[in-house]
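Let's walk through a few features together, one question at a time. Have the viewer open as you read.

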Amino acid sequence: MDTEAQQTERDRSSRPAPGTAEGRSRFALVSRITEWVPGGRISLSLLLCLVFLLLISTFVVRPFQIPSGSMENGLRVGDRVLVNRLAYRFGAEPQRGDVVVFDGSGYFGDGDYIKRVVGVGGDHVVCCDEKGRIEVNGRSVDESGFLYPGDAPSSVPFDVEVPEGTLFVLGDHRSVSSDSRDHLGSPGGGMIPVEDVLGRADWIIWPADHATRLRRAAAYVRVPVRVGVDVRVPVRAGADARVAVPSGVDVGVRAVEGAHG
């Protein structure tokens with residue numbers, strides 16, 4: 001007899017047929033669960049859906065309603081956005097231009113906030129240059145693409161160093177936004193710990209006529225790496241360590257041999 005055919009017959013015979021004792025026991029288990037849950041199968045189905053939605057909201061995406069006008073015109077009061085909870089879970093960190101939701105308890109006030117990242121760890125952020133623009137690491141940033149019409153980049157001068165592991169954040173509607181500028185003298189110096197970032201706002205989902213994808217602002221693309229900041233470049237043993245940096249910027253580079261990236 002053909003060995004392969006013989007094995008196939010054994011595989012088929014080993015599976016529980018419909019109506020067998022094993023099949024009936026599984027059906028009986030489901031029946032007992034539905035009898036235990038008030039409302040039977042309908043309530044059980046609804047409960048499973050709620051558990052699924054809770055897991056999605058906790059680990060994948062979370063809806064967030066815009067509570068104030070601090071991010072107008074891009075985000076209006078009452079808009080509902082989806083926050084990507086996985087954006088910074090696997091080694092990635094917030095970047096300049098990202099719109100992030102964070103827990104402000106202890107330094108901004110109780111509750112969650114939504115702001116734009118202007119400075120990341122190691123950055124030197126100054127307001128303002130001779131044209132009234134914010135400077136990051138010596139580079140003036142044109143924020144006109146998202147700044148609220150008629151608003152200045154800031155009416156409050158500041159000169160801050162952003163500690164590693166923190167963010168300097170501002171609202172797009174600067175004249176009404178309570179952000180890092182207003183908390184420079186508070187615990188944490190107005191900086192947001194990266195660990196308190198809940199996620200990145202990626203989509204406006206409501207109202208329907210305002211639904212759109214939120215993309216990272218390109219205004220900060222040309223901001224150079226801070227002079228004197230070490231950049232860890234993972235390389236394989238024996239390979240050359242190279243990193244692309246803006247022209248004229250002196251960056252200390254430390255290679256990590258044996259790392260894979």
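Q: How many nonpolar, polar and charged residues are in the lining of the second largest pocket?
A: This is a predicted model, where local features need pLDDT of at least 70, side-chain atom pairs count only at pLDDT 80 or more, and totals for chains, interfaces and linings use all residues. Residues are numbered from 1 along each chain as its sequence is written, and side-chain values use heavy atoms, with hydrogens and water left out. Ala, Val, Leu, Ile, Met, Phe, Trp, Tyr, Cys and Pro count as nonpolar, Asp, Glu, Lys and Arg as charged, and the others, Gly among them, as polar. By class, the lining has 5 nonpolar, 5 polar and 2 charged residues.

Q: Which strand joins β5 by 4 bridges, and which residue there stands opposite V125?
A: Strands here are DSSP runs (E, at least two residues), numbered from the N terminus, and two of them pair if DSSP finds at least two bridges between them. Strand β5 spans residues 124-127 and runs antiparallel to its partner β8. In β8, the residue opposite V125 is V160.

Q: Which strands stand at the edges of the open sheet?
A: The sheet has 4 strands in the order β7-β6-β5-β8, with antiparallel pairing. Two of them have a single partner strand each, so one side of each is left without a neighbour in the sheet. These are β7 (139-140) and β8 (158-161).
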